[in-house]
Amino acid sequence: MTGVAVFSNYHIVKYILCPLIVLLSSLSTNAQTALFDSLHSSLKEATSDSVKQLLLMDLAWEYSLSNVDTAEYYAKEGIRLAQSRSNERDLASSREMLAIVYDIRGSIEQAVKLFLEVATYYEDQKSYGDLSSTYNNIGTLFFNNNDIDKADEYFVKSMEIDVLRGDSLGVASSMINLASIANRRGDYESAYLYLLRGKRIIGRKPDLWTKRAIYEALGSNHLYKENYDSGAWYFEALLPMSRKSGDKNSELSCTIGLVMSYMGKEDFSQAEKYFQEAEKISVEYADAYQKRNLKGVGSDLFARIGNYEKAYQYLQLHAVAMDSITSNERIDKINELELKYQSEQREKEIAELEIENQKAENQRNILILASGFVILAAVFLIVLLKARTKSNQVIAKSLGEKETLLKEIHHRVKNNLQVISSLLSLQSRYIEDEVAQEAVNEGQNRVKSMALIHQKLYQNDNLMGVEVLDYVQNLTSALRSTYGITSEKVEVNYDVEALNIDVDTIIPIGLILNELISNSFKHAFPDERTGSLIIGLKQKEKTLELTVKDDGVGTTKDVEKSDSFGMRMIRSLAMKLEAEVSYDFSSGSSAVLSITNYKLV
């Protein structure tokens, strides 16, 4: 059974449905393009920092629907602007937006850490409306990662706050969330009662989003109870609403629900038709959870049809998604972060109580034994020194444990990327079209370039960055092997400084290098032609200059306007690095990137 509807108060737009309706995408493609243009234009013209802050959050939210890297960039820009203004509230909102982006991407540990830090801030500020929304986001994250008990705990916390605040819509959304919990636990009748209560709270004329939430939750409830005709009825009633509004993720959720309904009714032709529709929608709009669910449904569908080869392929893809999103190690890490958050809250309460007790004790001591002040101060200093010594020992031990854990994380990420590379290699054996096979092979090279970074990180003592010359040489050697380029055919020279580059910077640089070096090996030296390739990476004033130059045949194409995937990827990554890109084909091919957004370690 795939996921069911859960309300999530995701910062910019409240009460978004997930995981079947995960993200709000209520605009057509043309309208979205117009919206992006309008937001970019408004950001350039904005003179007020508060207006810029809102526009950055809007851009981060809108891009999270289609380009997570760009969304991350704007969320981090919002954080930087809030920090420069020393505006703690905007900083909390921007960090929550970044947590949402991490959650959509599947970077769960980073998302949990940020969500919990934001929750701590709202608790300190007694901003209970925002705290309820953040609790709901945390509950949704735990639900999507199959930690039902934790999800239940945070949904109840959110509902308790909304009850005290008199927020009826918030209470109704919590009822729908608790229904999802009951469904997942197999208590379908309780789930149905929760939905009826939520419906009563909302009233007879709910808004469109709430109506869709109720319909999806009821449809999912009937699927759990194997009432497939009723489930199909709700999803078919919901599908036109989603299409009319242009909400592709809602449309995808309904379509997955219909696949499962028709599978239950053993109408496999209809189930396969809706599955094909779902796959088309998911290419652009589904996040990590939606893709995981869709691959699982596909494996089940094709197994029941008797197409076991396809069933196995989808099972492999589903297994990879499960490993990268909901592995036991990741769940343990999430629980560890959440436990640390609860411990810190308890320690804060204890510390406050101790401060109050200490004040009362000091007052009594001053009144009764003023002469004992010097002795008490001396004892206090001794205790403090002992406590500090012990604290330093605990910190040293904790740092060692975290370093070991971080190495293990990089090791597992590398292993997961190798699994993906192996799956791409396996898939390419069944592809007869040469263009498609080349695209899959290029994707495999990109995955290898990222896996190499994580391998360098866990093998070295410096866990925050990569020694760039060693990485570039290893990457070039791997691409030589892939394309069968010998040193006699192409001589490679390196003009690379001994720099250690932060992991968030080296990953996009590695992907860009992979594209540029691959292009030289594939196209610059046809037939028996030989030549040389120069790879440079140097720091110049406040920029990092990346150069890839060959003396091959060059090209007459206008690469800056090329719509190929590789060139689009280079442009997107260059935007993330805030880099200017220039090309020169007067003598061979030369590409130079002047990078301004980078970090050395």
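Helix axes here are lines fitted to C-alpha atoms over the stretch in contact, and angles between them run from 0 to 180 degrees between N-to-C directions. The model shown in every view is predicted.

**View 1. Helices α19 and α20 pack against each other at an angle of about 40°.** Helix α19 covers residues 468-483. Helix α20 covers residues 503-524. Their axes lie 10 Å apart. The crossing of α19 and α20 is right-handed. Two packed helices are described by the angle between their axes and the distance between the axes.

**View 2. Side chains and backbone meet where α19 contacts α20.** From α19 come Val468, Tyr471, Val472, Leu475, Thr476, Leu479, Arg480 and Tyr483. Facing them in α20 are Ile506, Gly510, Leu513, Asn514, Ile517, Ser518, Phe521 and Lys522. By type, the residues of this contact are 10 nonpolar, four polar and two charged.

**View 3. The largest nonpolar core of the chain holds 52 residues.** Tyr74, Met97, Phe115, Tyr135 and Ile138 have the most contacts inside this core. Eight helices each supply at least two of its residues: α1 (29-45), α2 (49-63), α3 (68-85), α4 (88-105), α5 (108-125), α6 (128-144), α7 (148-165) and α8 (168-185). Helix α5 gives the largest share, 10 residues. In soluble globular proteins, nonpolar side chains tend to be buried together.

**View 4. Another core, of 40 residues, lies apart from the largest one.** Its members include Ile517, Ala524, Val548 and Tyr598. Ile517 also appears in View 2, on the α20 side of the contact with α19.

**View 5. Asp584 sits in strand β8.** The strand spans residues 579-584. Is Asp584 buried or exposed? Neither: its relative accessibility is 40%, so Asp584 counts as partly exposed. The side chain of Asp584 makes a polar contact with the side chain of Ser586, at 2.9 Å. Beyond its neighbours within four places in sequence, Asp584 is in contact with Ser589 and Ser590. Gly554 is 30 residues from Asp584 in sequence, and 8.9 Å away in space, C-alpha to C-alpha.

**View 6. The whole chain, for orientation, has 601 residues.** Its secondary structure comes to 21 helices and nine strands. Buried residues make up 47% of the chain. Of the contacts between residues at least 6 apart in sequence, 65% join residues at least 24 apart.

Definitions and conventions: Residues are numbered from 1 along each chain as its sequence is written. This is a predicted model: local features need pLDDT of at least 70, side-chain atom pairs count only at pLDDT 80 or more; totals for chains, interfaces and linings use all residues. Side-chain values use heavy atoms; hydrogens and water are left out. Helices (H or I, at least four residues) and strands (E, at least two) are DSSP runs, numbered from the N terminus. A crossing is left-handed if the near helix is turned anticlockwise from the far one by less than a right angle, and right-handed if clockwise. Contact means heavy atoms within 4.5 Å. Ala, Val, Leu, Ile, Met, Phe, Trp, Tyr, Cys and Pro count as nonpolar, Asp, Glu, Lys and Arg as charged, and the others, Gly among them, as polar. A nonpolar core is a set of buried Ala, Val, Leu, Ile, Met, Phe, Trp, Tyr and Cys residues joined through side-chain atoms within 4.5 Å. Buried means under 20% relative accessible area, exposed over 50%, partly exposed in between (1.4 Å probe, protein chains only). A polar contact is a pair of N or O atoms within 3.5 Å; within protein, one must be able to donate a hydrogen and the other to accept it, and residues adjacent in sequence count only if both atoms are side-chain atoms.
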